[in-house]
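The following exchange examines how the labels applied to a protein model are justified. Each reply sets a value against the criterion for the term.

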Amino acid sequence: MQVFLLVICAVLPLRAQTNNAFIDPSGMTVETRFKLPKGYERLYGDEASYAYYLRHLRMMEDGAVVKYFDGAVKANDHIYAGVLNVDMGLEDLQQDAELCIRLKAEYLFDRQQYDKIAFTISTRVRIPYVKWVEGMQIVINDKTYWTKSSTEIDRYRTLRRYLDFIFTHADINTLLVDVQRVPLHSIQPGDLFVQDSRPGHAVIVLDVAEHPVTGDRIYLLAQSYRPAQIPHVLMNPENGDLSPWYSISTVSDRIPTPEYLFHKRDLRRFREVTPAPQAPKKGPTFYF
C-alpha cells in the first residue's frame, strides 16, 4: 500500500496553494479571486483604464495547474497562487516578455486604440500594428517578411498574427526599449519588473492596493516563463502572511519572486505610443 501511494503522489501534479486568507476559491477574476488585507483599498481606474482591464482578467478554476506549450505540467513548488485563463498558443513564443506585450496589445485592441499598438523588434525598430495590417515588406537578416494578412484591423485573429510576428522577433532587450523606469512608490497595475541580466526575466503587475493611512502599496505579480507556459499569479516567497501580495514597505532593494530575483530599480512602465500616420495602401519595403 505504501508503494502504491508513493506512485500516485509522483504522478499527480501539485495543486496551487488555496489555504490562504487572501484567496477566494470561488472568484473567477483577478479582483474576485484575490482578497485584500484589512485596511487596504484597490487603486481603481475607470472602465477604460488598463488597471480595470487587468483586474478583470479571467482566472481558471481554483487548483488549476500550469502547463507548458507542449502540454507538460509545471510543478507548483510554492510558485503560483492561481492560473490566468489566458492561452499560450501552440508554439514556444509567448514567454515572459511576450506575455507583457500581449496583455498591453489586447487591452488597446479591446479599446479599439489600434494606432497605439506598436512594439520594438530585434532590429530596434518599432512595428505599428496599423502599418503591419496595411502591409509591410520587412527584410531582417536577408529574410523577407510580407506582413499583410488581412485588411480587417479589428479582427482578433489579425492581431494574433501580428503578435506572433512580434514574438518571433522580440525578447527582454527589445521590451526594454518600449518601457521606462518608474519609482517603486508609484507602482500601478500594468507596470513591469524587467531585468536584462542573463538569463533575464519580466513579470507584470496585475493589481495594486494602497493603505490610506500608512500609504503602503501592495501588488500582485504574474508571469509566463521559458519555455512558454500558461500565465500564473505568483506567490510571495518571503512573506507567507501576505502572499500572494507583495508590499513596497518591506523592500530595501531586493524583490525575490519564486523563480527570479528583481530589484526595485527594475520597475518599468510602457511608454506612451504616438499614433502612427495612416499607412499607404501599398506598403514600402523597410530594410533594417
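A charge sits over a ring if NZ of Lys or CZ of Arg is within 6 Å of the ring centre and within 35 degrees of the ring normal. The model discussed here is predicted.

Q: What makes Arg55 a charge over the face of Tyr44?
A: Arg55 lies 5.0 Å from the ring centre of Tyr44, and the cut-off for the distance is 6 Å. Arg55 is therefore counted as lying over the face of Tyr44.

Q: Which ring does Lys104 lie over?
A: Lys104 lies over the face of Tyr50, at 4.6 Å from the ring centre. This distance is likewise within the limit of 6 Å.

Q: Why is the contact of Glu106 with Arg102 called a salt bridge?
A: The N to O distance between the two side chains is 2.9 Å. A salt bridge requires a side-chain nitrogen of Lys or Arg within 4 Å of a carboxyl oxygen of Asp or Glu, so the pair of Glu106 and Arg102 qualifies.

Q: Where do Glu106 and Arg102 lie with respect to each other in helix H4?
A: Helix H4 spans residues 96-110, and the two residues are four apart within it, which means that about one helical turn separates them.

Q: How do you know whether Glu106 and Arg102 are buried or exposed?
A: Buried means under 20% relative accessible area. Glu106 has 11% and Arg102 has 3%, so both are buried.

Q: Which residues are linked in a network of salt bridges?
A: The network links Asp87, Arg102, Glu106 and Arg160. The count for the model comes to 13 salt bridges.

Q: What makes Glu152 and Arg155 a salt bridge, and are these residues buried or partly exposed?
A: Their side chains meet at 3.0 Å, N to O, which is within the 4 Å limit. Glu152 has a relative accessible area of 35% and Arg155 one of 33%. Values between 20% and 50% count as partly exposed, so this label applies to Glu152 and to Arg155.

Q: Why do Glu210 and Arg217 receive their accessibility labels?
A: The two residues form a salt bridge, with the closest N and O atoms 2.9 Å apart. At 26%, Glu210 is partly exposed, whereas Arg217, at 16%, is under the 20% cut-off and therefore counts as buried.

Q: How many aromatic pairs does the structure hold, and why is the pair of Tyr219 and Tyr246 called stacked?
A: The search of the whole structure finds 13 aromatic pairs. The ring centres of Tyr219 and Tyr246 are 5.6 Å apart and the planes are at 20 degrees. Planes under 30 degrees apart count as stacked, so the pair is stacked.

Q: Which parts does this pair tie together?
A: Tyr219 lies in strand E12 (residues 217-223) and Tyr246 in strand E14 (residues 246-247), so the pair joins parts that are 27 residues apart in sequence. Tyr219, at 0% relative accessibility, is buried, and Tyr246 is buried at 3%.

Q: What makes the pair of Tyr260 and Phe262 tilted?
A: The planes meet at 45 degrees, with 5.1 Å centre to centre. An angle from 30 to 60 degrees is neither stacked nor edge-to-face, so the pair is tilted. Both Tyr260 and Phe262 are buried.

Q: Which residues do ring pairs link into a cluster?
A: The cluster consists of Phe109, Tyr114, Tyr129, Trp132, Tyr156 and Tyr162.

Key:
Residues are numbered from 1 along each chain as its sequence is written. This is a predicted model: local features need pLDDT of at least 70, side-chain atom pairs count only at pLDDT 80 or more; totals for chains, interfaces and linings use all residues. Side-chain values use heavy atoms; hydrogens and water are left out. Buried means under 20% relative accessible area, exposed over 50%, partly exposed in between (1.4 Å probe, protein chains only). Rings of Phe, Tyr and Trp (its six-membered ring) pair if their centres lie within 6.5 Å; planes under 30 degrees apart count as stacked, over 60 as edge-to-face and the rest as tilted.
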